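Reader: I have not looked at this structure before. Please take me through it by question and answer.

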Amino acid sequence: MLEGSWVKNLEKFFELNGYNGVSHGVIYNEGDMKEITFWDYNGKERNIKDIPIDVSDGIICFKEENGSLIICN
């Protein structure tokens, strides 16, 4: 899946599930480890054990910039 497409899907997932103010996070998609850890602007950490979107294999960092999520690695 194209990076821009899954980033938009991730933004939509956060919005639909009430995860507001996401500042940054890490997607782990390696072998049996498939999860997203992210933080909001208050420093609250959250973890989703099943990746709800199709992403590339590997470890991917993202952050919020100007109202959108961007890849930062």
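What follows is a set of questions and answers on a predicted model.

Reader: What pattern does the chain follow along the sequence?
Author: The chain of this predicted model contains 1 helix and 5 strands. Read along the sequence, the elements give the pattern α-β-β-β-β-β.

Reader: Which radius of gyration does the chain have, and what would be expected of a compact globule?
Author: The C-alpha trace spans about 30 × 25 × 25 Å along its principal axes. For 73 residues, a compact globule would have a radius of gyration near 11 Å. The chain agrees with that expectation, because its own value is 11 Å.

Reader: How much of the accessible surface belongs to carbon and sulfur atoms?
Author: Of the 73 residues in the chain, 34% are buried. The accessible surface of the chain comes to about 4,700 Å². The share of that surface belonging to carbon and sulfur atoms is 47%.

Reader: Among contacts with a separation of 6 or more, what percentage joins residues 24 or more positions apart?
Author: The count takes the contacts in the chain with a separation of 6 or more. Within that set, residues 24 or more positions apart account for 43%.

Reader: Which element gives the largest share of the largest nonpolar core?
Author: The largest nonpolar core has 16 residues, and W6, L10, F14, I27, I36 and F62 have the most contacts inside it. Two or more residues each come from α1 (3-16), β1, β2 (33-40) and β4 (58-65). The largest share of this core is 5 residues, and the element that gives it is α1.

Reader: Which residues does I36 touch, leaving out those up to four places away in sequence?
Author: I36 is one of the residues with the most contacts inside the core. Some of its partners are also on that list, including L10, F14, I27 and F62. The full set touched by I36 is L10, F14, V26, I27, R46, N47, I48, I51, P52 and F62.

Reader: Is N29 buried or exposed?
Author: N29 is found in strand β1, residues 22-30. Its contacts beyond four places in sequence are K34, I51, V55, S56, D57 and G58. The relative accessibility of N29 is 7%, and buried means under 20%, so N29 counts as buried.

Reader: Which backbone oxygens lie 3.2 Å from a polar atom of the side chain of N29?
Author: V55 and S56 both appear among the residues that N29 touches. The backbone oxygen of V55 lies 3.2 Å from a polar atom of the N29 side chain. The other backbone oxygen, also at 3.2 Å from a polar atom of that side chain, is that of S56.

Reader: Which side chain makes a polar contact of 2.7 Å with that of T37?
Author: T37 is in strand β2 and is buried, with a relative accessible area of 7%. Leaving aside neighbours within four places in sequence, T37 is in contact with G25, V26, Y28, E45, R46 and N47. The polar contact of 2.7 Å joins the side chain of T37 to that of N47.

Reader: Why do C61 and C72 not form a disulfide?
Author: A search of the whole structure finds 0 disulfides. For C61, the nearest cysteine sulfur is that of C72. A disulfide needs sulfur atoms within 2.5 Å, and the C72 sulfur is too far from that of C61 for a bond because the distance is 4.9 Å.

Reader: What is the relative accessibility of C72?
Author: C61 is partly exposed, with a relative accessible area of 25%. C72 also counts as partly exposed, and its relative accessibility is 41%.

Notes: Residues numbered from 1 in each chain as written. Predicted model: local features only at pLDDT ≥ 70, side-chain atom pairs only at ≥ 80, totals over all residues. Heavy atoms only, no water. Helix = DSSP H or I, 4+ residues; strand = E, 2+ residues; numbered from the N terminus. Buried < 20%, exposed > 50% of the residue type's maximum accessible area, 1.4 Å probe, protein only. Polar contact = N/O pair within 3.5 Å; in protein donor to acceptor, adjacent residues only side chain to side chain. Contact = heavy atoms within 4.5 Å. Core = buried A, V, L, I, M, F, W, Y, C linked by side-chain atoms within 4.5 Å. Rg over C-alpha atoms; globule rule 2.2 N^0.38 Å. Areas by Shrake-Rupley, 256 points an atom, 1.4 Å probe, with all protein chains shown as cover.
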